[in-house]
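Me: Could you walk me through one residue and its surroundings in this protein? I would like to go step by step.

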Amino acid sequence: MDDSKRKSDPNTRFYDPYQGIQVPIPVRNVYQLPTAPQYLFDEEARRSRRNLSDSLTFYTGCGYLAGAIGGGASGLVAGVKSFEPGDTTKLRVSRVLNSSGHAGRAWGNRLGIIGLIYAGMESGAMALRDVDDVWNSVAAGLGTGAVYRAARGVRSAAVAGAFGGVLVGAAVTAKQAMKRYVPI
(Lines give C-alpha, C1' and ligand atoms only; values in the text may rest on other atoms or scores of the structure.)
Protein backbone atom coordinates (compact mmCIF):
# COMPACT_ATOMS: atom_id res chain seq x y z
CA MET A 1 0.00 0.00 0.00
CA ASP A 2 1.51 3.29 -1.01
CA ASP A 3 1.45 6.50 1.05
CA SER A 4 -1.41 8.09 -0.93
CA LYS A 5 -3.76 5.19 -0.12
CA ARG A 6 -2.74 5.25 3.54
CA LYS A 7 -3.56 8.93 3.88
CA SER A 8 -6.99 8.51 2.29
CA ASP A 9 -8.01 5.47 4.39
CA PRO A 10 -9.96 6.83 7.43
CA ASN A 11 -9.61 3.57 9.39
CA THR A 12 -5.84 3.72 9.67
CA ARG A 13 -3.29 6.19 10.88
CA PHE A 14 0.40 6.28 10.16
CA TYR A 15 2.67 6.00 13.16
CA ASP A 16 6.41 5.80 12.73
CA PRO A 17 8.51 5.84 15.90
CA TYR A 18 11.62 5.82 13.72
CA GLN A 19 10.69 9.02 11.92
CA GLY A 20 13.82 10.99 11.13
CA ILE A 21 16.11 8.03 11.84
CA GLN A 22 17.71 6.09 9.00
CA VAL A 23 16.57 2.46 9.44
CA PRO A 24 17.78 -0.08 6.88
CA ILE A 25 14.49 -2.05 6.84
CA PRO A 26 11.10 -0.70 5.65
CA VAL A 27 9.18 -0.30 8.92
CA ARG A 28 6.37 1.76 7.46
CA ASN A 29 4.08 -1.24 6.94
CA VAL A 30 4.50 -2.41 10.53
CA TYR A 31 3.05 0.76 12.05
CA GLN A 32 -0.12 1.15 10.02
CA LEU A 33 -2.58 0.94 12.91
CA PRO A 34 -6.38 0.76 12.62
CA THR A 35 -8.38 3.46 14.38
CA ALA A 36 -11.78 1.68 14.27
CA PRO A 37 -12.64 -0.75 17.11
CA GLN A 38 -11.52 -4.29 16.45
CA TYR A 39 -13.28 -7.40 17.73
CA LEU A 40 -12.09 -10.95 17.98
CA PHE A 41 -15.45 -12.43 16.92
CA ASP A 42 -18.01 -11.15 14.42
CA GLU A 43 -20.80 -11.51 17.02
CA GLU A 44 -19.16 -8.85 19.16
CA ALA A 45 -19.03 -6.42 16.25
CA ARG A 46 -22.71 -6.96 15.40
CA ARG A 47 -24.17 -6.45 18.86
CA SER A 48 -25.66 -3.06 19.60
CA ARG A 49 -25.74 -3.23 23.42
CA ARG A 50 -23.22 -3.68 26.16
CA ASN A 51 -22.74 -7.16 27.58
CA LEU A 52 -23.12 -7.91 31.29
CA SER A 53 -19.55 -7.13 32.29
CA ASP A 54 -19.56 -3.85 30.36
CA SER A 55 -22.90 -2.88 31.95
CA LEU A 56 -21.70 -3.75 35.44
CA THR A 57 -18.61 -1.64 35.03
CA PHE A 58 -20.43 1.28 33.39
CA TYR A 59 -23.45 1.55 35.71
CA THR A 60 -21.47 0.90 38.90
CA GLY A 61 -18.79 3.41 37.95
CA CYS A 62 -21.25 6.08 36.86
CA GLY A 63 -23.31 5.55 40.00
CA TYR A 64 -20.29 5.81 42.27
CA LEU A 65 -19.00 8.91 40.48
CA ALA A 66 -22.37 10.67 40.59
CA GLY A 67 -22.83 9.75 44.25
CA ALA A 68 -19.33 10.89 45.18
CA ILE A 69 -19.86 14.25 43.48
CA GLY A 70 -23.32 14.76 44.99
CA GLY A 71 -22.22 13.58 48.42
CA GLY A 72 -19.11 15.73 48.27
CA ALA A 73 -21.24 18.78 47.50
CA SER A 74 -23.63 17.89 50.32
CA GLY A 75 -20.68 17.40 52.69
CA LEU A 76 -19.24 20.73 51.62
CA VAL A 77 -22.44 22.49 52.64
CA ALA A 78 -22.63 20.56 55.91
CA GLY A 79 -18.97 21.34 56.64
CA VAL A 80 -19.47 25.06 56.05
CA LYS A 81 -22.57 25.05 58.27
CA SER A 82 -20.59 23.44 61.10
CA PHE A 83 -18.12 26.34 61.36
CA GLU A 84 -17.81 27.82 64.84
CA PRO A 85 -16.82 31.43 65.58
CA GLY A 86 -13.39 30.62 67.06
CA ASP A 87 -12.25 28.14 64.35
CA THR A 88 -8.95 28.70 62.60
CA THR A 89 -8.68 28.41 58.83
CA LYS A 90 -6.88 25.09 59.17
CA LEU A 91 -9.68 23.69 61.34
CA ARG A 92 -12.34 24.95 58.93
CA VAL A 93 -10.61 23.34 55.96
CA SER A 94 -10.30 20.12 57.92
CA ARG A 95 -14.03 20.14 58.76
CA VAL A 96 -14.99 20.71 55.12
CA LEU A 97 -12.67 17.99 53.82
CA ASN A 98 -13.75 15.44 56.44
CA SER A 99 -17.43 16.16 55.89
CA SER A 100 -17.12 16.07 52.09
CA GLY A 101 -15.10 12.86 52.12
CA HIS A 102 -17.49 11.08 54.47
CA ALA A 103 -20.66 12.09 52.62
CA GLY A 104 -19.07 11.48 49.20
CA ARG A 105 -18.05 7.94 50.13
CA ALA A 106 -21.44 7.12 51.60
CA TRP A 107 -23.45 8.45 48.64
CA GLY A 108 -21.02 6.95 46.15
CA ASN A 109 -21.32 3.51 47.71
CA ARG A 110 -25.11 3.68 47.73
CA LEU A 111 -25.42 4.75 44.10
CA GLY A 112 -22.72 2.30 43.05
CA ILE A 113 -24.71 -0.57 44.58
CA ILE A 114 -27.86 0.67 42.87
CA GLY A 115 -25.98 0.70 39.54
CA LEU A 116 -24.70 -2.81 40.19
CA ILE A 117 -28.18 -4.15 40.92
CA TYR A 118 -29.63 -2.31 37.90
CA ALA A 119 -27.04 -3.77 35.52
CA GLY A 120 -27.78 -7.29 36.75
CA MET A 121 -31.53 -6.79 36.52
CA GLU A 122 -31.37 -5.32 33.02
CA SER A 123 -29.15 -8.11 31.71
CA GLY A 124 -31.38 -10.68 33.39
CA ALA A 125 -34.52 -9.19 31.87
CA MET A 126 -32.89 -9.14 28.45
CA ALA A 127 -31.82 -12.79 28.82
CA LEU A 128 -35.29 -13.88 30.01
CA ARG A 129 -37.27 -12.07 27.34
CA ASP A 130 -34.68 -12.45 24.56
CA VAL A 131 -35.73 -9.01 23.32
CA ASP A 132 -33.83 -5.74 23.59
CA ASP A 133 -36.36 -2.98 24.22
CA VAL A 134 -37.43 -0.26 26.64
CA TRP A 135 -39.40 -2.60 28.87
CA ASN A 136 -36.22 -4.35 29.99
CA SER A 137 -34.96 -1.06 31.38
CA VAL A 138 -38.26 -0.25 33.09
CA ALA A 139 -38.43 -3.75 34.62
CA ALA A 140 -34.82 -3.40 35.77
CA GLY A 141 -35.62 -0.06 37.43
CA LEU A 142 -38.65 -1.56 39.16
CA GLY A 143 -36.67 -4.58 40.34
CA THR A 144 -33.71 -2.50 41.45
CA GLY A 145 -35.82 -0.27 43.66
CA ALA A 146 -37.59 -3.27 45.16
CA VAL A 147 -34.39 -5.21 45.86
CA TYR A 148 -32.55 -2.17 47.24
CA ARG A 149 -35.27 -1.47 49.79
CA ALA A 150 -36.35 -5.08 50.45
CA ALA A 151 -34.71 -5.17 53.88
CA ARG A 152 -36.99 -2.37 55.10
CA GLY A 153 -40.16 -4.31 54.44
CA VAL A 154 -42.64 -5.10 51.70
CA ARG A 155 -44.27 -1.68 51.63
CA SER A 156 -40.95 0.16 51.35
CA ALA A 157 -39.80 -2.25 48.63
CA ALA A 158 -43.01 -1.72 46.65
CA VAL A 159 -42.76 2.06 46.86
CA ALA A 160 -39.07 2.04 45.92
CA GLY A 161 -39.78 -0.38 43.06
CA ALA A 162 -42.54 1.82 41.68
CA PHE A 163 -40.29 4.87 42.04
CA GLY A 164 -37.43 3.10 40.25
CA GLY A 165 -39.68 1.96 37.40
CA VAL A 166 -41.14 5.44 36.91
CA LEU A 167 -37.70 7.06 37.13
CA VAL A 168 -36.18 4.76 34.51
CA GLY A 169 -39.27 5.06 32.31
CA ALA A 170 -38.98 8.85 32.42
CA ALA A 171 -35.26 8.69 31.66
CA VAL A 172 -35.78 6.37 28.67
CA THR A 173 -38.62 8.54 27.36
CA ALA A 174 -36.48 11.66 27.72
CA LYS A 175 -33.61 9.96 25.90
CA GLN A 176 -35.88 8.97 23.01
CA ALA A 177 -37.33 12.49 22.84
CA MET A 178 -33.82 13.96 22.78
CA LYS A 179 -32.85 11.65 19.91
CA ARG A 180 -35.96 12.60 17.97
CA TYR A 181 -36.25 16.33 18.56
CA VAL A 182 -32.73 17.54 19.27
CA PRO A 183 -30.44 17.31 16.27
CA ILE A 184 -26.94 16.39 17.34
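Me: Thanks! In which helix is the place of valine 168?

Reply: Happy to help. This is a predicted model, where local features need pLDDT of at least 70, side-chain atom pairs count only at pLDDT 80 or more, and totals for chains, interfaces and linings use all residues. Residues are numbered from 1 along each chain as its sequence is written, and side-chain values use heavy atoms, with hydrogens and water left out. Helices are DSSP runs of H or I, at least four residues, numbered from the N terminus; valine 168 sits within residues 154-181, which is helix α6.

Me: Is valine 168 buried or exposed?

Reply: Buried means under 20% relative accessible area and exposed over 50%, with partly exposed in between (1.4 Å probe, protein chains only). Valine 168 has a relative accessible area of 15%, so the residue is buried.

Me: Which residues does valine 168 touch, not counting those up to four places away in sequence?

Reply: Contact means heavy atoms within 4.5 Å. By that rule, the partners of valine 168 are Tyr118, Ser137, Val138 and Gly141.

Me: How are α5 and α6 oriented to each other?

Reply: Axes are lines fitted to C-alpha atoms, for helices over the stretch in contact, and angles run from 0 to 180 degrees between N-to-C directions. Helix α5 (residues 134-148) packs on α6 at about 150°, with the axes 6 Å apart. Angles under 35 degrees count as roughly parallel, over 145 as roughly antiparallel, 65 to 115 as roughly perpendicular and the rest as oblique. The two helices α5 and α6 are therefore roughly antiparallel.
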